[in-house]
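User: Please take a close look at one part of this model, the second largest pocket, and at what surrounds its lining. Which residues lie nearest its centre?

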Amino acid sequence: MVIRVFIASSSSSVLIKKTQQDVVGFLEANRIEFEEVDITMLEDQRMWMYKHIPKERLPAKGNPLPPQIFNDEQYCGDYEAFFESKENNTVTTFLGLNRRPSVKDSES
C-alpha cells in the first residue's frame, strides 16, 4: 500500500499551500510512508487523479483542488476529510492503513 498525496507545487493559493503542508507534515511527523505526486508537472497524473475521485466527491463547480489523498488506487479524501479524521483521531482508518502494533502487542 502506498499513500499518495496529490499536490500542486506551483499553486499561487496560500490556502492550498497551507493545506498541502499540513497533510505532508502530519504524515512525516507520524512516520507514515507516502509519496507526493505533483499534478502541475505531470498531466497524466492529474488526469488519473480526476478520473479516480468518486463522482459524489467531486466539487459542484470546477476541478478538485489539491491536496487529494489516495491509498494506491483507493480514494481516501480531500483536505477537509483528512482534517476531520485528524480531529477525530481516525487518520489510520481514513488512510486505510492497518493498525500499527503497540509495544504491548509485540511483547505478547
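Analyst: Helices and strands are here DSSP runs, of H or I over at least four residues for a helix and of E over at least two for a strand, numbered from the N terminus. On that basis the protein has 5 helices and 4 strands, and along the sequence they follow the pattern β-α-β-α-β-β-α-α-α. The model is a predicted one, in which local features need a pLDDT of at least 70 and side-chain atom pairs a pLDDT of 80 or more, while totals for chains, interfaces and linings use all residues. Residues are numbered from 1 along each chain as its sequence is written, and side-chain values use heavy atoms, with hydrogens and water left out.

The average pLDDT (the predictor's confidence in each residue, from 0 to 100) is 91 for the protein, and 91% of the residues score at least 70. Residues 102–108, however, have a pLDDT below 50, and beyond near neighbours in sequence this stretch makes 1 contact (heavy atoms within 4.5 Å) in the model. Where pLDDT is low, the predicted coordinates should not be read in detail.

To turn to the request, the second largest pocket (an open set of points on a 1 Å grid over the protein atoms alone where a 1.4 Å probe fits, with protein on both sides within 12 Å along at least five of seven lines) is lined by 16 residues (those with an atom within 4 Å of a point), and L65, P66, D78, Y79 and E80 lie nearest its centre. The elements that give two or more residues to this lining are α1 (14–29), β4 (74–78) and α3 (79–87), with α1 giving the most, namely 3 residues. By residue type, the lining divides into 9 nonpolar, 4 polar and 3 charged residues, where Ala, Val, Leu, Ile, Met, Phe, Trp, Tyr, Cys and Pro count as nonpolar, Asp, Glu, Lys and Arg as charged, and the others, Gly among them, as polar.

Among the residues nearest the pocket centre, L65 is placed in the loop between α2 and β3, and it counts as exposed because its relative accessible area is 54% (exposed means over 50%, buried under 20% and partly exposed in between, with a 1.4 Å probe and protein chains only). Although L65 and D78 are 13 residues apart along the chain, their C-alpha atoms are separated by 8.1 Å. P66, also listed among the residues nearest the centre, is joined to P67 by a cis peptide bond, with omega at about 0°, and P67 has its place in the loop between α2 (43–52) and β3. Both prolines are reached from the helix α1, in which Q20 lies: apart from neighbours within four places in sequence, Q20 is in contact with I7, A8, P66 and P67. Q20 itself is classed as buried, because its relative accessible area is 8%.

The strand β3 comprises residues 68–71, from which Q68 and F70 point one way and I69 and N71 the other, all of them buried. On one partner, β1 (residues 3–7) runs antiparallel to β3 and is joined to it by 4 bridges (two strands pair if DSSP finds at least two bridges between them), and V5 has I69 as its bridge partner in β3. On another, β3 and β4 pair in the antiparallel sense, again over 4 bridges. Within that pairing Q68 has D78 as its bridge partner in β4, which ties β3 to a residue listed among those nearest the pocket centre, whereas N71 stands opposite Q74 in β4.

The two strands β3 and β4 form a hairpin with 2 residues between them. D72, found in the loop between β3 and β4, has a phi near 55°, a positive value in a residue other than glycine; D72 counts as partly exposed because its relative accessible area is 34%. A comparable backbone feature is seen at N89, which has a positive phi of about 60° although it is not a glycine. N89 lies in the loop between α3 and α4 (91–95), and it is classed as exposed because its relative accessibility is 72%.

For the wider setting, the C-alpha trace spans about 50 × 25 × 25 Å along its principal axes, and buried residues make up 34% of the 108 residues. Of the contacts between residues at least 6 apart in sequence, 62% join residues at least 24 apart.
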